[in-house]
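Trainee: Please take a close look at the salt bridges here, and then place them among the other side-chain contacts.

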Amino acid sequence: ALLCVSFLSLIRVNPKKKTKKIPVTGMVTATSNYCGGARPTDEIIAQLGTPKPLSNTKIYIKEGELNSFNNKILLTLTTDAKGNFHTKLRPGKYFVVDSTKKDITYYKLLLKTYKNQTASYEPIDTLCLKKWFMKPACVFEVTDAGTKNISVNFHRTCDEIPCSGYIGPMKE
């Protein structure tokens, strides 16, 4: 479950004026599932579910609401030491993806590597993989003004390979 929350403050501008770029700010965090062996304590589960800032992490901003094989990267941003990012964008709808969805490279690698069953993984579900690729981490809208506080959370599951079930030996 990826989290995307944006807070807007709006002001009106003359629509006849050339649209200017609006300041956009946000924070990138990560949460994860417990992927170990023995049943974890409630404290461990709570700790893993608490968003932690991702410092010095690249994110990719594209225009629209859904990722596609043709979307071009509009901006590549790197978060600061506290997981924050800053930029300016024209009014419109945008979305954020990580390096696995910035272009079709990783998608093609998964299709090639997991087309057939391996010793550790079932064959990849191609329909599931396409849906996985198309889903951005966060969708947000830049309006005619204000400061944006975009919250992007990358939730890591225990599945190392999306859309393919693990059938290998028990992990430690």
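**Salt bridges and their surroundings**

Mentor: Among contacts in the chain between residues at least 6 apart in sequence, 76% join residues at least 24 apart. The model is predicted, and every value below is computed from it. The chain has 3 helices and 9 strands, and from the N terminus the elements run β-β-α-β-β-β-β-β-α-α-β-β. Of the 172 residues, 29% are buried.

Now to the part you asked about. The count comes to 2 salt bridges. One of them joins the side chains of Glu65 and Lys93, at 3.5 Å from N to O. This pair links distant parts of the chain, with the two positions 28 residues apart in numbering: Glu65 sits in the loop between β4 (58-63) and β5 (75-78), and Lys93 is in strand β7 (residues 92-97). Glu65 has a relative accessible area of 44% and is therefore partly exposed. Lys93, at 38%, is also partly exposed, because that class covers the range between 20% and 50%.

The other salt bridge is formed by Asp98 and Arg156, whose closest N and O atoms are 3.5 Å apart. Asp98 lies in the loop between β7 and α2 (105-113) and Arg156 lies in strand β9 (residues 149-156), so this pair ties together parts that are 58 residues apart in sequence. Here the two partners fall into separate classes. Asp98 has a relative accessible area of 13% and so is buried, since the cut-off for buried is under 20%. Arg156, with 41% relative accessibility, is partly exposed.

Charge also meets an aromatic ring. Lys101 lies over the face of Trp132, 4.7 Å from the ring centre. As for rings with rings, a search of the whole structure finds 7 aromatic pairs. One of these is Tyr114 with Tyr121, an edge-to-face pair with 5.4 Å between centres and 75 degrees between planes. Tyr114 and Tyr121 are both buried. Elsewhere, ring pairs link Phe69, Tyr107 and Phe133 into a cluster.

Tyr121 leads on to Ser164. Ser164 lies in the segment after β9, the strand that holds Arg156. Leaving aside neighbours within four places in sequence, Ser164 is in contact with Tyr121, Glu122, Pro123 and Ile124. A polar atom of the Ser164 side chain lies 2.6 Å from the backbone oxygen of Glu122. Ser164 is buried, because its relative accessible area is 9% and the cut-off is under 20%.

Last, the strands. In a regular strand the side chains alternate between the two faces of the sheet. Strand β6 (residues 84-89) shows such alternation: Phe85, Thr87 and Leu89 point to one face and are buried, while Asn84, His86 and Lys88 point to the other face and are not buried. Strand β2 (residues 22-32) pairs with β6 in the antiparallel sense, over 6 bridges. Within this pairing, Val24 stands opposite Thr87, and Thr87 is on the buried face of β6.

To return to your request: both salt bridges join parts that are apart in sequence, Glu65 with Lys93 over 28 residues and Asp98 with Arg156 over 58.

Definitions and conventions. Residues numbered from 1 in each chain as written. Predicted model: local features only at pLDDT ≥ 70, side-chain atom pairs only at ≥ 80, totals over all residues. Heavy atoms only, no water. Salt bridge = Lys/Arg side-chain N within 4 Å of Asp/Glu carboxyl O. Helix = DSSP H or I, 4+ residues; strand = E, 2+ residues; numbered from the N terminus. Buried < 20%, exposed > 50% of the residue type's maximum accessible area, 1.4 Å probe, protein only. Phe/Tyr/Trp six-rings, centres within 6.5 Å; stacked < 30°, edge-to-face > 60°. Lys NZ or Arg CZ within 6 Å of the ring centre and 35° of its normal. Pairing = 2+ DSSP bridges. Polar contact = N/O pair within 3.5 Å; in protein donor to acceptor, adjacent residues only side chain to side chain. Contact = heavy atoms within 4.5 Å.
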